[in-house]
Amino acid sequence: MASIYSLKTFLDANPDFGFDVIEYLLSTKYTDYLIQCINEFRYPLFRIDDDPKSKVISAIKDNTLLKVPAYKHLNNTSDFNEIPLVDKQTLLYNSQHYISGDYEISDLFARNTSGTTRKPVTIYYSEKFYFEFLILTTIKISVLANVFHNACNKAFFSITISDNPNLNNRVIVDPTNTVGFMLLVKIDEQKTETIERLFHLITTFKPAILISTPNLFEIIISNLKGKMLLRNYIPLAIFSSGSVLTEDKRQKIQNFFRTKVFNCYNTTEFGFIASECKYQDGMHIDPSLVVELHCTESEERDKKDGDELVISSIRNKAMPLLRFVTGDRVTIDYTTCNCGREGLRIKGISGRDLPIFYLKDGKTFSPYVLVKLFYMFPIEEFQVIQLDYHTFEIFIQLCKGTNTSQNIDTIFKNVENYVRNTIPCDSNIIVKSIEFDYKSNFQRFITRINKSLDEQMTRNLLLL
Ligand SMILES: [Zn+2]
């Protein structure tokens, strides 16, 4: 699909895009493996052969997992349920203990978790797993959504839209030549030129698939210019990932793009976890994962949110995570889907909601950029609550050791100034100290304004 000639043409015409030559050359080492993965995923779909739990036990028996310091003590374990649970907090402070002695850190690929549910932690990937993550995630979702066959014929397979400040525009070339170019496009909702650039890229290259978070889609579809510019573009499918997709949001995005929106669940820790088939009756979980549900504090907790999802995977040999408590609450359907696939489906999911803050003057603000606070100040954890269109409360727990009151006052003042300068309207910022209770269902960004997108768009129109 993607020839070197067309890559050169693309890069010459779009100098704001990067292409990682070294990474591409490394990926060609795994061409056969990636093709095999694609085929296994396509035909026969979701064949459940080996029990993934027994694969974990085998990896303990053959010593592979015992090379990971955190699992050394498992040498006599033959019962999966004896493996201790690991939560995000433990991983954050002991991440190096989860790296296999078979690998040098300097040889591994690394990515930071998004920081939407807990402080960002670096996850290390083996080369093989990294390319699985980079190349196969969208392909797997498109196979399940039943659009792969048509999508792989397009010169541009996908555009992934992100507002992660650490990323840059880049083009990814599939070494197996199965699908066309995959573009990663960064937008900054405060810079209209970046959103207009996105519209230009979409209308020029007409990618088969668009991928983003529900809140970025919300920003895109509320842009009046986009409404006009994208009127002749109908993608084969939209993939929504990274945050809870409510049915209301799904309908709005579907109405705008006149195509189906598929809900997906991927994490930095595991890559692809689950996505919907064409029946959209729950997300099919990748059969190579061991999935468990834990009902922690079930007595006090409202059961409608479901149970805590715990995942194990040994696919990433460099940093295999066993019985990892994701912090997301799900309900699971065990029945066979109308599409004929067996295995588990995630029906409801909660715990990764990333709202948009609606501001006075009709402006919007996607608070994800505030995750930067972790990289700028000695912050252990924080939470931002929007109380009204211009009042924000920020609760901060500082890292241990930040103890002089003068120090604390300066940090709080600097956080206050940084947030005030980042939010694009005159705001009242209140910074408060807190000790977070990690057992509670934590959400970093909360808004008390309950505006629907339609109301907000009407409001924007009135302000024009
Ligand atoms: Zn299905």
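The legends below accompany an overall view and three close-up views of a predicted model.

**Figure 1. Overall view of the predicted protein model.** The protein has 464 residues, and its radius of gyration of 22 Å agrees with the value near 23 Å that a compact globule with this number of residues would have. Along the principal axes, its C-alpha atoms fill a box of roughly 65 × 55 × 45 Å. The secondary structure comprises 14 helices and 20 strands, and 37% of the 464 residues count as buried. Among the contacts in the protein with a separation of 6 or more, 67% are accounted for by residues that stand 24 or more positions apart.

**Figure 2. Close-up of the crossing between helix H9 and helix H11.** Two packed helices are described by the angle between their axes and the distance between the axes. Here helix H9, formed by residues 214–221, and helix H11, formed by residues 247–257, have axes that come within 10 Å and cross at roughly 45°; the two helices are therefore oblique to each other, and their crossing is left-handed. On the H9 side the contact is made by Pro-214, Phe-217, Glu-218 and Ile-221, while H11 contributes Lys-249, Lys-252, Ile-253 and Phe-256. Sorted by class, the contact of H9 with H11 contains five nonpolar and three charged residues, with no polar residues.

**Figure 3. Close-up of Leu-198 in helix H8.** Leu-198 lies in helix H8, which spans residues 192–205, and it counts as buried because it has 25 C-beta neighbours inside 10 Å, where 20 or more are required for that class. When its neighbours within four places in sequence are left aside, Leu-198 is in contact with Ile-161, Val-185 and Ile-187. Asp-248 is 50 residues from Leu-198 along the chain, and the C-alpha atoms of these two residues are separated by 24 Å.

**Figure 4. Close-up of Lys-360 in the loop between strand S15 and strand S16.** The loop that holds Lys-360 runs between strand S15 (357–358) and strand S16 (364–365). Lys-360 is exposed, because 12 other C-beta atoms lie within 10 Å and a residue with 12 or fewer is placed in that class. Not counting residues up to four places away in sequence, Lys-360 touches Tyr-389, His-390 and Cys-425. Ser-241, by comparison, is 119 residues away from Lys-360 in sequence, and the C-alpha to C-alpha distance between Lys-360 and Ser-241 is 28 Å.

Notes
Residues numbered from 1 in each chain as written. Predicted model: local features only at pLDDT ≥ 70, side-chain atom pairs only at ≥ 80, totals over all residues. Helix = DSSP H or I, 4+ residues; strand = E, 2+ residues; numbered from the N terminus. Rg over C-alpha atoms; globule rule 2.2 N^0.38 Å. Contact = placed C-beta atoms within 7 Å. Axes fitted to C-alpha atoms, helices over the stretch in contact; angles between N-to-C directions. Parallel < 35°, antiparallel > 145°, perpendicular 65-115°, else oblique. Left-handed = near helix turned anticlockwise from the far one by under 90°. Nonpolar A, V, L, I, M, F, W, Y, C, P; charged D, E, K, R; others polar.
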